[in-house]
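Trainee: I'd like a close look at one part of this protein. Could you pick a single residue and walk me through its surroundings?

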Amino acid sequence: LAREAQSRVREISSLLEAGRAITSLDLESVLGVLAREAAAAVRADECAIYLLDETGQRLVPRGTWSAAPDSGGTRPAVAVGDGPIGWVAKQDQSLLLNGTPARARFGLAVGTGPLGAILSLPLDVDGRAAGVLHATSHGLDTFKPADERLLSAFADQAAVAVKNAQLFEEERRRARELAVINQINRTITAS
């Protein structure tokens, strides 16, 4: 019972921290915090949030976290449809795989690395896939259906952050356009 209570406190603390983060307009920072807090909530070894690029064909990592201190390298972009991340984006469905099936289903060789479990969820913005929240663990049976439900809250928050960033950029574009129109009006009325 005490263990379950500690787990719930950890989950709620992570969700609270993630909720605080999405008030920022710095998308990279927000997604980094969301990746870290999502990983903490489900005890993942790594977590990354991938967003579709402007072509809609590739997923680019925009927020990442890893428990490994030397994992500062960048993650590659993933084509939509390729591997577990690309599959989730293409199908717009969650994916929970533990152990050998996590590797075999996507052609990853068994025994060639620490990946034991995958939990990936789509990020939907305006009813369309906009990216993927992808958590991994070295453990063979790490993730449970309850973890999928919990991570869906983080995926929803990431989608809100993406939408907020889109709206902010749209407003900045409009402000620039209005500034140009105002300058033209001032020039016309001055002559």
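Mentor: Let's take one histidine, then the helix beside it in the discussion, then the whole chain. Keep in mind that this is a predicted model.

Start with His134, which sits in strand E6, a run covering residues 128-137. Is His134 buried or exposed? Its relative accessibility is 11%, and because the cut-off for buried is under 20%, His134 counts as buried. Its side chain also has a polar partner: a contact of 2.4 Å links it to the side chain of Ser120. Ser120 turns up again in the list of residues that His134 touches beyond its sequence neighbours, which also includes Ile118 and Leu119. Others on that list are Glu46, Cys47, Ala48 and Tyr50, along with Pro84 and Ile85.

Those last two take us to helix H3, residues 83-91, where Pro84 and Ile85 are buried, as are Gly86, Trp87, Val88 and Ala89. What lies over the buried residues of H3? The cover includes strands E1 (46-52), E2 (58-66), E3 (78-79), E4 (95-98) and E5 (117-125), plus E6, the strand in question. Right after H3 comes Asp92, with a positive phi near 55°.

Now step back to the chain. It has five helices and six strands, arranged along the sequence as α-α-β-β-β-α-β-α-β-β-α. Of its 191 residues, 38% are buried. Take the contacts between residues at least 6 apart in sequence: 52% of them join residues at least 24 apart. As for the outside, the accessible surface is about 10,700 Å², with 54% belonging to carbon and sulfur atoms.

Definitions and conventions
Residues are numbered from 1 along each chain as its sequence is written. This is a predicted model: local features need pLDDT of at least 70, side-chain atom pairs count only at pLDDT 80 or more; totals for chains, interfaces and linings use all residues. Side-chain values use heavy atoms; hydrogens and water are left out. Helices (H or I, at least four residues) and strands (E, at least two) are DSSP runs, numbered from the N terminus. Buried means under 20% relative accessible area, exposed over 50%, partly exposed in between (1.4 Å probe, protein chains only). A polar contact is a pair of N or O atoms within 3.5 Å; within protein, one must be able to donate a hydrogen and the other to accept it, and residues adjacent in sequence count only if both atoms are side-chain atoms. Contact means heavy atoms within 4.5 Å. Accessible areas come from the Shrake-Rupley method with a 1.4 Å probe; for residues, only the protein chains shown count as cover. Lists of a residue's contacts leave out its neighbours within four places in sequence.
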